[in-house]
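This report describes one protein model, beginning with a single residue and widening to the whole chain.

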Amino acid sequence: GNENQLSRDEYQALGKAHFKLAIAYTKKGWWDYALSEAKKSFDILPNKESHELVDLIETKIKQEIEL
């Protein structure tokens, strides 16, 4: 993609957008989509918040498989 052409602010906005989308998907129970968005968010903005969200969703998916 053209991510390297984005300014720092745009890059952060993109990371936050993926993060919010991941949260929205978790509320709908769309775990695979949520995980994909959370990972994109973490790739763009590797912070504690997005890392914890990835962990949370992966844990939830494992629980769903076990049920």
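## Ser 50 and its surroundings

Ser 50 is in contact with Phe 19, Ser 41, Phe 42 and Leu 45, leaving aside its neighbours within four places in sequence. The model is a predicted one. Ser 50 is located in helix 3. Its relative accessibility is 1%, so Ser 50 counts as buried, the cut-off being under 20%. The side chain of Ser 50 also reaches the backbone oxygen of Leu 45, at 3.0 Å.

Ser 41, one of the contacts of Ser 50, belongs to helix 2. With 2% relative accessibility, Ser 41 is likewise counted as buried. Apart from neighbours within four places in sequence, Ser 41 is in contact with Gly 15, His 18, Phe 19, Pro 46 and Ser 50. Phe 19 therefore appears in the contact list of Ser 50 and in that of Ser 41, where contact means heavy atoms within 4.5 Å.

## The nonpolar core

Which residues make up the largest nonpolar core? There are eleven: Phe 19, Ala 22, Tyr 25, Trp 31, Ala 34, Leu 35, Ala 38, Leu 53, Val 54, Ile 57 and Ile 61. At least two residues of this core come from each of helix 1 (8–28), helix 2 (31–44) and helix 3 (48–66). In soluble globular proteins, nonpolar side chains tend to be buried together.

Two core members can be followed further. Leu 53 touches Phe 19, Ala 22, Ile 23 and Ala 38, when residues up to four places away in sequence are not counted. Val 54 lies in helix 3 and is buried, because its relative accessibility is 9% and the cut-off is under 20%. Leaving aside neighbours within four places in sequence, Val 54 is in contact with Leu 35, Ala 38, Lys 39 and Phe 42. Ala 38 is thus listed for Leu 53 as well as for Val 54.

## A partly exposed position

Thr 59 has its place in helix 3. Is Thr 59 buried or partly exposed? Its relative accessible area is 41%, so Thr 59 is partly exposed, a class that runs between 20% and 50%. A polar atom of the Thr 59 side chain lies 2.8 Å from the backbone oxygen of Asp 55.

Separations in sequence and in space, C-alpha to C-alpha, are given for two residue pairs.

| Pair | Apart in sequence | Apart in space |
|---|---|---|
| Val 54 and Ala 22 | 32 residues | 9.2 Å |
| Thr 59 and Ala 17 | 42 residues | 22 Å |

## The chain as a whole

The protein chain has three helices and zero strands, and its pattern along the sequence is α-α-α. Along the principal axes, the C-alpha atoms fill a box of roughly 45 × 20 × 20 Å. Of the 67 residues in the protein chain, 28% are buried. Considering contacts between residues at least 6 apart in sequence, 42% join residues at least 24 apart.

The accessible surface of the protein chain is about 5100 Å², and carbon and sulfur atoms account for 53% of this surface. The chain carries 10 positive and 12 negative charges, and the mean positions of the two sets are 4 Å apart.

Terms used
Residues are numbered from 1 along each chain as its sequence is written. This is a predicted model: local features need pLDDT of at least 70, side-chain atom pairs count only at pLDDT 80 or more; totals for chains, interfaces and linings use all residues. Side-chain values use heavy atoms; hydrogens and water are left out. A nonpolar core is a set of buried Ala, Val, Leu, Ile, Met, Phe, Trp, Tyr and Cys residues joined through side-chain atoms within 4.5 Å. Buried means under 20% relative accessible area, exposed over 50%, partly exposed in between (1.4 Å probe, protein chains only). Helices (H or I, at least four residues) and strands (E, at least two) are DSSP runs, numbered from the N terminus. Accessible areas come from the Shrake-Rupley method with a 1.4 Å probe; for residues, only the protein chains shown count as cover. Lys and Arg count as positive and Asp and Glu as negative; His and the chain ends are not counted. The place of a charge is taken as NZ of Lys, CZ of Arg, CG of Asp or CD of Glu. A polar contact is a pair of N or O atoms within 3.5 Å; within protein, one must be able to donate a hydrogen and the other to accept it, and residues adjacent in sequence count only if both atoms are side-chain atoms.
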